[in-house]
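Here are my notes on the model, in the order I would go through them with it open on screen. Have a look and see whether you read it the way I do.

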Amino acid sequence: MTVKFDPYVITDEGLSKGLRHAEIARLAIAGGADVIQLRDKRLDGRALTRCALEIRELTKKARVLFIVNDRLDVALAAHADGVHLGQEDMPVRLVRPLCPPGFIIGASAGTPEEALRAERDGADYIGLGPICHTDSKSDAGPACGFDVIKEVKKVATIPVVAIGGMGPSSAEDAILAGADGIAVISAVVSQDDVAGAARHLRSIIEAAKHRKVYEG
């Protein structure tokens, strides 16, 4: 799978400044987001599906990947590109047979062991973290630090996306440690200029990747 995650923006109405999921997605796409993930733990299935269908239209036109957090049923109903599963969700090995060809499954991991298990079970990418302290997710757990990226890259062959406390001040370190992409919530969603924040973060990620190639 060849997918860019520079950046991977996760929507959150509770952390935005009054913006709905679709508006967050539209602005993040305008700022250069490669992936949009719809995440909302409060909405029921019907309301979440309506949001997903709105975002699907936006991402389809922009040719940006669209991932739904947790809810495989919503992802399939909205014809999303994939689903992201946490450690408490359905196991990847049980979800994979339910998915159409080419459907992307992301899996959360906080250790090399969890990352390796997710890859063996059929995940297409790892959401690794929290790398740094974050207030965006109350259930995120303690920070792993940048060294865990290096450790996971030693055992995993699928892309590793750093998440948790990621933003302009930490994205470069994560990329230099080996992350294939950066996932963010508040660093983009909570800013006054969502598109500008996404654009700025993308420039930092691209610069870090160029530096990594140059330095070998």
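1. Starting with the surface: this is a predicted model, and the chain exposes about 10200 Å². Carbon and sulfur atoms supply 51% of that area. On the buried side, 52% of the 216 residues in the chain are classed as buried.

2. Overall dimensions next. The radius of gyration is 16 Å, which agrees with the value near 17 Å for a compact globule of 216 residues. Along the principal axes, the C-alpha atoms fill a box of roughly 45 × 40 × 30 Å.

3. For secondary structure, I get nine helices and eight strands. Among the chain's contacts with a separation of 6 or more, 58% are between residues 24 or more positions apart.

4. Charges: there are 27 positive and 30 negative ones, and their mean positions are 4 Å apart.

5. The largest nonpolar core has 76 residues, and the ones touching the most other members are Tyr8, Ile36, Ile149 and Ile182. Helix H9 (residues 194-215) gives this core its largest share, eight residues. Tyr8 is a good place to centre the view: beyond its neighbours within four places in sequence, its contacts include Val35, Ile67, Tyr125 and Val161. Ile182, Ala183 and Val184 are also in contact with Tyr8, as are Gln37 and His84.

6. Please check the cis peptides. The bond from Asp6 to Pro7 is cis, with omega near 0°, and Pro7 sits in strand S1 (residues 5-10). The bond from Gly129 to Pro130 is cis too, with omega near 5°; Pro130 belongs to the loop between strand S6 (125-128) and helix H6 (147-155).

7. Two positive phi values outside glycine also deserve a look. Asp70 has phi near 70° and lies in the loop between strand S3 (65-69) and helix H3 (72-77). His79 has phi near 55° and is in the loop between H3 and S4. His79 counts as exposed because its relative accessibility is 61%, and the cut-off is over 50%.

8. Last, Gln87, in the loop between strand S4 (82-85) and helix H4 (92-95). Is Gln87 buried, exposed or partly exposed? At 41% relative accessibility, Gln87 counts as partly exposed. Setting aside residues up to four places away in sequence, Gln87 touches Ser108, Ala109, Glu114 and Arg117. Gln87 and Ala107 are 20 residues apart in sequence, with 7.6 Å from C-alpha to C-alpha.

Notes
Residues numbered from 1 in each chain as written. Predicted model: local features only at pLDDT ≥ 70, side-chain atom pairs only at ≥ 80, totals over all residues. Heavy atoms only, no water. Helix = DSSP H or I, 4+ residues; strand = E, 2+ residues; numbered from the N terminus. Rg over C-alpha atoms; globule rule 2.2 N^0.38 Å. Buried < 20%, exposed > 50% of the residue type's maximum accessible area, 1.4 Å probe, protein only. Contact = heavy atoms within 4.5 Å. Areas by Shrake-Rupley, 256 points an atom, 1.4 Å probe, with all protein chains shown as cover. Lys, Arg positive; Asp, Glu negative; His and termini not counted. Charge placed at Lys NZ, Arg CZ, Asp CG, Glu CD. Core = buried A, V, L, I, M, F, W, Y, C linked by side-chain atoms within 4.5 Å.
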